[in-house]
Amino acid sequence: MPLVFWLYFTTSRAGYVVRALINMPLVLPPVVIGFYLLLAFSPNHAFGRLLYAIFHTNFVFTFEGLVVASVLFNAPFMVNPILSGLEGLPRSLGEASFMLGRGRTATFLRVLLPSIRPAVLTGVILTVAHTIGEFGMVLMIGGKIPGVTRVASVAVYDDVESLNFASAHVYSAVLFGASFAVLLALLLVNKRFARTW
Amino acid sequence: MQKGLWVSVRKRLHGAAGDRDMEIEVSIDGPRFIALFGPSGAGKSTLLRMIAGLTGPDSGVISMDGEIWFDSTNKINVPPQKRRVGLVFQDYALFPAMTVEKNISYGIPGPSDKERMDYLMEAFDLKGLCKRYPETLSGGQKQRVALARALANRPRILLLDEPLSALDPAMRGTLQDELARVYREMPVITILVSHDMGEIFKLASSMFHIKEGKIIASGPPGDVFGGSNDRLKITGQVLAKQEQGVICIVTVAVGPDVSRVVVSRDAAQALSIGDMVAISAKSFNPEVRKIKIPL
């Protein structure tokens, strides 16, 4: 959210650079992102050591690492819908709020975001959906440690590789069903939200 | 100390008809109802936005009661939040996720000023609409909410950017009366952008005619629009031409009405569809009768 806030109000060219960076996961193979994050988080490098010093947690092959990586990896799915929702609003909405004596933060939180509730929800849906299905990056950074970082999609891959089709079917069916249920539920909620005004 | 609003600014305008320089000097010494009149792209809205603080002039000074709001040489630019200017946008800009009540109280600073709120709801006849969302309101209702909201903060200047242009004539009339009444009750410097001469005559005590970024005439509306000795003068837009022998019948839209006027073929040659024309008559006495606007 602070990122979207900054991107919406900034007039600096840095905004374009940051937007390009945020959208990198859409273009690059997930494995590449995973590889770079693996290097970045590694305690053998300065950045990784810094992270360890601050959070006292290792981000490689751990659940925490998966969460951080997923946030970065899914950023475009959250940021893009919200940003385009904001940009679709008439400029006069924000300006009207300024005229009424309110600063950017109040304008953003009380006027702009509530006006694009459907876009915010779309961001959430896409992010959730995409996180469930993520594979390459999770494999790289999580290292599929059973019970810790072996997520469902990776489990399916393992089972198929070892010709364990029955187990693969179960995982796949559960993933399929769960994804469908989540999406459907979110869409329905979204529709109700949109109808309240 | 200079009392009232003083604006002396320059700005390069990038319009559809190419770039041109806007150069405006306006001084309004106290609570008065001023109209800005002129073709689209003349810089009327830009002037309002500069007073509001939403658009910066390239150079110049804007001050209010001696307080500098903008000064290019001293690099002063007071943000819109600190100017206490009420602005009603052309598209109303009501906050869609807030009720009518919330929209208005949003503009009241600090703990909600109950008295102010009640006054505004009463003055604009919004009591029954408190809990409604903007989407469910008619154009006239939205307009009233936008006005009430702009006045919530007790602004020192009220700016109205063609606030009534999207409404039907009957609604316009009602809201013009409302505007006039509110102005009487809370006199602040009010600047109205309008294309409607009738509206300007009705509301404004003084006006500026702006064209291509410059003020070409100012003064009471009667003086600015008057100026000729014609007994009757109406202006309108040519809708159609139809030749009939030596004469030509020109159809002209005058406000909400359509009139047909007979002109010579030569005169008709000079007119094309869409032209603004003045129809004047000197030698007969027109009949004037009051009409009822259907409500």
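Helix axes are lines fitted to C-alpha atoms over the stretch in contact, and the angles between them run from 0 to 180 degrees between N-to-C directions. In these terms, helix H6 (residues 91–99) of chain A packs against helix H7 (residues 104–115) of chain A at an angle of about 155°, and their axes are 10 Å apart. The model in which this pair occurs is predicted. Because angles over 145 degrees count as roughly antiparallel, H6(A) and H7(A) are roughly antiparallel to each other. The crossing in which H6(A) passes H7(A) is right-handed. On the side of H6(A), the contact is formed by Leu93(A), Gly94(A), Ser97(A) and Phe98(A), and H7(A) contributes Thr107(A), Val111(A), Leu112(A) and Ser115(A). Of the residues in this contact, 4 are nonpolar and 4 are polar, with no charged residue present.

The two helices belong to a chain whose secondary structure consists of 11 helices and 0 strands. Read from the N terminus, the elements of chain A accordingly follow the order α-α-α-α-α-α-α-α-α-α-α. Chain A has 197 residues, of which 28% are buried. Among the contacts in chain A with a separation of 6 or more, 64% join residues that are 24 or more positions apart.

H6(A) and H7(A) also take part in the contact between the chains. This contact draws 16 residues from chain A and 19 residues from chain B. On the side of chain A that touches chain B, the elements giving two or more residues are H6 and H7 of chain A. H6(A) supplies the largest share of that side, with 6 residues. By residue class, the side of chain A that touches chain B comprises 9 nonpolar, 4 polar and 3 charged residues. Charged residues are thus found on this side of chain A, whereas the contact of H6(A) with H7(A) includes none.

In chain B, strand E7 (residues 85–88) was examined together with its partner, strand E8 (residues 157–161). In a regular strand, side chains alternate between the two faces of the sheet. In E7(B), Val85(B) and Leu87(B) point one way, while Gly86(B) and Val88(B) point the other way. All of these residues are buried, on either side of the strand. The pairing of E7(B) with E8(B) is parallel and extends over 4 bridges. Within this pair, Val88(B), one of the buried residues of E7(B), stands opposite Leu160(B) in E8(B).

How values were computed:
Residues are numbered from 1 along each chain as its sequence is written. Chains are lettered from A and ligands numbered from 1 in the order in which they are written. This is a predicted model: local features need pLDDT of at least 70, side-chain atom pairs count only at pLDDT 80 or more; totals for chains, interfaces and linings use all residues. A residue is buried if 20 or more other C-beta atoms lie within 10 Å of its own, exposed if 12 or fewer, and partly exposed in between; C-beta atoms are placed from the backbone. Two strands pair if DSSP finds at least two bridges between them. Two residues are in contact if their C-beta atoms, placed from the backbone, lie within 7 Å. Angles under 35 degrees count as roughly parallel, over 145 as roughly antiparallel, 65 to 115 as roughly perpendicular and the rest as oblique. A crossing is left-handed if the near helix is turned anticlockwise from the far one by less than a right angle, and right-handed if clockwise. Ala, Val, Leu, Ile, Met, Phe, Trp, Tyr, Cys and Pro count as nonpolar, Asp, Glu, Lys and Arg as charged, and the others, Gly among them, as polar.
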